[in-house]
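Please look over the sequence and the structure shown here before reading on, keeping the numbering of the chain at hand.

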Amino acid sequence: MFPQVRMRRNRRTDWSRRLVSENQLSVNDLIWPLFIQDGANQKTEIPSMPGVQRLTIEHLIEAARSAAELKIPVIALFPATDPTKKTEGGEEAFNPDNLVCRAVRALKAENLNLGILCDVALDPYTSHGQDGLVKDGYVVNDETIEVLCRQAVVQAEAGCDIIAPSDMMDGRIGAIREALDEAGFQHVQIMAYAAKYASAFYGPFRDAVGSGTNLGTGDKRTYQMDPANSDEAMREVGLDINEGADMVMVKPGMPYLDIVRRVKAEFEIPTYAYQVSGEYAMISAAAQNGWLDRQRCILESLLCFKRAGADGILTYFAKEVAEILQAE
């Protein structure tokens, strides 16, 4: 007890604080989400995500080279699909020459020491903005899975390293694993969006991929999780693991650190969190207004994920953080 025990002794100096630090953030913890668009030699600003752009393939390759130089392990690709290619059935999702597949092939031709993660869901490709097929106003499950399997296979054929189903359909992990294996892609990893919540924090992302207008006043509550639920998330994660997920993800990030902690403690599987667009926008906007110290808040927010048990974080700050860590 005090005064024999003084907790502040270990905090007194910089070297001592570093010595007793329980968690560390490194570049190996980072996955960098990038938005891609059709066209040539273009960068398009995303107003709701200051500093983030949609990139044509030439600029995507530049970004990937910089990621590889900084030793960021993985980039994640999200397409802003030409509105003329969006349909009720999302057929562009499994077009082997779609934007994502062309981007993956171009990246693989660079022979970078860099993993490529591809999202599997239909919302960038559907005219209604939902992650699945819609019949009589309802997003149907089993029919959607058939399309997701085709999407996953064409991405694997293009060279994708990690398939990341974000749709939240029941049973899709097992079906996609079987489809990949049957097509000869046993080595392709699956990172399941295992606990993805129907969150209000996704708004800027939907602006970035152009699905917000399509979705309109609709929502995704019949398949994404209720923010009130925690035990249900454990059931979802357990099912995805049993179906063959190699890694699992919690989305959004900081509002759901309790879920990250539970997942890691209960399942002891590689666990990731997505610091989503709304989280990025809040920190960026506050920093722009001088209300927060940008660098300190970014690093603190990512360290919180590590403290909660995350093995890695998908964050739009990834390149900036890698540069900071490299300079230290």
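What follows is a walk through charged pairs, a surface patch and a glycine in this predicted model.

A search of the whole structure finds 18 salt bridges, and a few of them may serve as a guide through the chain. One of these pairs joins the side chains of Asp161 and Lys108, with a nitrogen-to-oxygen distance of 2.8 Å. Because Asp161 sits in the loop between α4 (142–158) and β8 (162–165) while Lys108 belongs to helix α3 (residues 99–108), this bridge ties together parts that are 53 residues apart in sequence. Both partners fall into the intermediate class of accessibility: Asp161 is partly exposed, with a relative accessible area of 23%, and Lys108 is likewise partly exposed, with a value of 31%.

Another pair is set in buried surroundings, for Asp131 forms a salt bridge with Lys196 in which the closest N and O atoms are 3.9 Å apart. Asp131 lies in the loop between β5 (115–120) and β6 (134–135) and Lys196 in strand β9 (residues 189–196), so that parts 65 residues apart in sequence are tied together by this pair. Asp131 is buried, with a relative accessible area of 0%, and Lys196, at 5% relative accessibility, also counts as buried because the limit for that class is under 20%.

A further bridge links Arg172 with Asp240, the closest N and O atoms being 3.2 Å apart. Here the connection runs between distant parts of the chain, from helix α5 (residues 172–182), which holds Arg172, to helix α8 (residues 231–242), which holds Asp240, the two residues being 68 apart. Arg172 and Asp240 are both buried. Elsewhere, salt bridges with shared partners join Asp123, Asp131, Lys196 and Lys220 into one network, so that the pair of Asp131 and Lys196, which ties together parts 65 residues apart in sequence, belongs to this network.

The charges of the surface offer another view, since Arg6, Arg8, Arg9 and Arg11 form a positive surface patch. Of these residues, Arg11 is placed in the segment before α1 (14–19), where Arg11 is partly exposed, with a relative accessible area of 49%.

How buried or exposed, finally, is Gly312? This glycine, which lies in strand β12 (residues 312–315), is buried, with a relative accessible area of 1%. Leaving aside residues up to four places away in sequence, Gly312 touches Asp29, Thr271, Tyr272 and Ala273. Gln155, by comparison, is 157 residues from Gly312 in sequence and 23 Å from Gly312 in space, C-alpha to C-alpha.

Key. Residues numbered from 1 in each chain as written. Predicted model: local features only at pLDDT ≥ 70, side-chain atom pairs only at ≥ 80, totals over all residues. Heavy atoms only, no water. Patch = residues over 30% accessible without salt bridge, like charges linked within 9 Å, V, L, I, M, F, W, Y side chains within 5 Å. Areas by Shrake-Rupley, 256 points an atom, 1.4 Å probe, with all protein chains shown as cover. Salt bridge = Lys/Arg side-chain N within 4 Å of Asp/Glu carboxyl O. Lys, Arg positive; Asp, Glu negative; His and termini not counted. Charge placed at Lys NZ, Arg CZ, Asp CG, Glu CD. Helix = DSSP H or I, 4+ residues; strand = E, 2+ residues; numbered from the N terminus. Buried < 20%, exposed > 50% of the residue type's maximum accessible area, 1.4 Å probe, protein only. Contact = heavy atoms within 4.5 Å.
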